[in-house]
Amino acid sequence: MTMINLRLILVSGKTKEFLFSPSDSAGDIAHHVFENWPEDWAEEAVAKAEILRLIYQGRFLHSNVTLGALGLPFGKTTVMHLVPRENLPEPNSQGEFARCDHVISSSVEIVTKLLVCFPPPRPLRFPDELTTKPDTNFLFFNFS
């Protein structure tokens, strides 16, 4: 069976690679990682698998989404972020995620920590340069 290589990145910047089947869901991955928690991630250990969330291309993955449904390539490494979070944002009636101050402040914390791993071309001035685009679940940086 062809496997998908995932490089998971914690908010701390620590990484680990895992192999998964295209039929594995985000929930399956969270349980596998929790049950096989890397020794060098001990400081970031969580109490239960259910709070582990995957972020792919800037979006939280629901636990039932499979790697195959995402169309991930075989033979290449796909990078995802693994973060502890009790709940995902709830979708609104149009199927889009509702925005709230808690979601944005949590995202700012995650983005701030990710910037340590992937620095911008020049220093940022928070919160002036961190904005959200209306009707989306994305954060944007203004480098103008």
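Starting from the N terminus, the elements of this protein run β-β-α-β-β-β-α-β-β. That adds up to two helices and seven strands. Keep in mind that you're looking at a predicted model. The protein has 144 residues, and 37% of them count as buried. As for how the chain comes together, take the contacts with a separation of 6 or more: residues 24 or more positions apart account for 53% of them. On the outside, the protein exposes about 8,700 Å², with carbon and sulfur atoms supplying 54% of that area.

Now for the inside. In soluble globular proteins, nonpolar side chains tend to be buried together. Here the largest nonpolar core has 22 residues, and the members that touch the most others are Leu6, Leu8, Val33, Met80 and Leu82. Which elements give two or more residues to this core? They are strands E1 (4–9), E2 (15–20), E3 (52–56) and E5 (77–84), along with helix H1 (26–35). H1 provides the largest share, four residues.

Leu6 is a good place to zoom in. Leaving aside residues up to four places away in sequence, Leu6 touches Lys16, Glu17, Phe18, Phe20, Ile29, Leu67, Leu72, Thr78 and Met80.

Next, have a look at H1 itself. Its buried residues are Ala26, Gly27, Ile29, Ala30 and Val33. They span an arc of only 160° around the axis, so they sit on the same side of H1. The general background is simple: an α-helix has 3.6 residues a turn, so residues three or four places apart point the same way. And what do the buried residues of H1 pack against? Their partners are E1, E2, E3 and E5.

Finally, the aromatics. A search of the whole structure turns up three aromatic pairs. In one of them, the ring centres of Trp37 and Trp41 are 5.2 Å apart and the planes meet at 75°; planes over 60 degrees apart count as edge-to-face, so that's what this pair is. Are these two tryptophans buried or exposed? The cut-off for buried is under 20% relative accessible area. Trp37, at 18% relative accessibility, therefore counts as buried. Trp41 is buried too, with a relative accessible area of 0%. Zoom out a little and you'll see that ring pairs link Trp37 and Trp41 with Phe18 and Phe20 into a cluster. You've met those two phenylalanines already: Phe18 and Phe20 are among the residues that Leu6 touches.

Key
Residues are numbered from 1 along each chain as its sequence is written. This is a predicted model: local features need pLDDT of at least 70, side-chain atom pairs count only at pLDDT 80 or more; totals for chains, interfaces and linings use all residues. Side-chain values use heavy atoms; hydrogens and water are left out. A nonpolar core is a set of buried Ala, Val, Leu, Ile, Met, Phe, Trp, Tyr and Cys residues joined through side-chain atoms within 4.5 Å. Buried means under 20% relative accessible area, exposed over 50%, partly exposed in between (1.4 Å probe, protein chains only). Contact means heavy atoms within 4.5 Å. The arc is that of the directions from the helix axis to the C-beta atoms. Rings of Phe, Tyr and Trp (its six-membered ring) pair if their centres lie within 6.5 Å; planes under 30 degrees apart count as stacked, over 60 as edge-to-face and the rest as tilted. Accessible areas come from the Shrake-Rupley method with a 1.4 Å probe; for residues, only the protein chains shown count as cover.
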